[in-house]
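Reader: I keep meeting labels like "buried" or "tilted" in structure descriptions. Could you walk me through where such words come from?

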Amino acid sequence: MKYEIKQETKPTLKTFGKYKAVTVHTDTVDTSQILKEVCENNPISEGAVVAVAMRLSEVISRHLRRGDRVRLDDWGLMKLEIESDKVDRPEDFRAGKHIRGVRLHFLPESSKGKPELYQDMTYERAK
């Protein structure tokens with residue numbers, strides 16, 4: 001994984017002005033590339049993989065929107081979390097006004113506290 005060193009630019013953070021590593025994303029892999037790779041050396045047709053992937057996406061999305069957590073074995077747990085402004089009293093809270101958005105949280109599957117997704121990962125400073 002490649003990274004760059006960047007300075008924290010948000011003055012409201014305690015770490016303002018300090019330097020940190022940030023990931024350099026060099027490519028975006030789309031559905032067709034994923035499907036090609038899934039079908040390589042596999043007797044399953046691309047059409048069958050597309051059908052399963054689309055249905056899986058629909059089912060996972062439906063559960064996430066309902067507020068369910070979705071655990072995929074050997075991969076991890078997904079859940080949606082609301083981000084909102086804070087108010088002084090519960091009765092002051094208005095969803096339309098105070099909810100800023102929703103974020104998808106992904107927690108990789110781990111064995112003994114070490115996510116397999118991160119094992120054997122190497123880091124390289126981008127040029």
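Author: Sure, and let's begin with "contact": it means heavy atoms within 4.5 Å. Keep in mind that this is a predicted model. With that cut-off, Leu35, Lys36, Val38 and Cys39 in helix α1 meet Glu46, Val49, Val50 and Ala53 in helix α2.

Reader: What kinds of residues make up the contact of α1 with α2?

Author: They split into 6 nonpolar, no polar and 2 charged. Lys and Glu count as charged, so Lys36 and Glu46 supply the charged part. Leu, Val, Cys and Ala count as nonpolar.

Reader: Why is α1 called oblique to α2?

Author: Start with the numbers: α1 (residues 31-39) and α2 (residues 46-65) pack at about 125°, and their axes are 10 Å apart. Roughly perpendicular covers 65 to 115 degrees, and roughly antiparallel needs over 145. An angle of about 125° fits neither range, so α1 is oblique to α2. As for handedness, α1 passes α2 in a right-handed crossing.

Reader: On to rings. How many aromatic pairs does a search of the whole structure find?

Author: Just 1 aromatic pair. Its partners are Trp75 and Phe106, with 5.0 Å from centre to centre and 50° between the planes.

Reader: What makes the pair of Trp75 and Phe106 tilted?

Author: The centres must lie within 6.5 Å to pair at all, and 5.0 Å passes. Stacked planes are under 30 degrees apart and edge-to-face ones over 60, so 50° comes out as tilted.

Reader: Where in the chain do Trp75 and Phe106 sit?

Author: Trp75 is in the loop between β3 (70-72) and β4 (76-84), while Phe106 is in strand β5 (residues 99-108). They are 31 residues apart, so the pair links distant parts of the chain.

Reader: Why do Trp75 and Phe106 count as partly exposed?

Author: Partly exposed lies between the 20% limit for buried and the 50% limit for exposed. Trp75 has 46% relative accessibility, and Phe106 has 30%, so both land in that range.

Reader: How do you know whether His98 is buried or exposed?

Author: His98, in helix α3 (residues 95-98), has 9% relative accessibility, which is under 20%, so His98 is buried. Leaving out residues up to four places away in sequence, His98 touches Glu83, Ser84, Asp85, Val87, Asp92 and Phe93.

Reader: And what about Lys97: buried or exposed?

Author: Lys97 also lies in helix α3, but its relative accessible area is 63%, over the 50% mark, so Lys97 is exposed.

Conventions
Residues numbered from 1 in each chain as written. Predicted model: local features only at pLDDT ≥ 70, side-chain atom pairs only at ≥ 80, totals over all residues. Heavy atoms only, no water. Phe/Tyr/Trp six-rings, centres within 6.5 Å; stacked < 30°, edge-to-face > 60°. Helix = DSSP H or I, 4+ residues; strand = E, 2+ residues; numbered from the N terminus. Buried < 20%, exposed > 50% of the residue type's maximum accessible area, 1.4 Å probe, protein only. Axes fitted to C-alpha atoms, helices over the stretch in contact; angles between N-to-C directions. Left-handed = near helix turned anticlockwise from the far one by under 90°.
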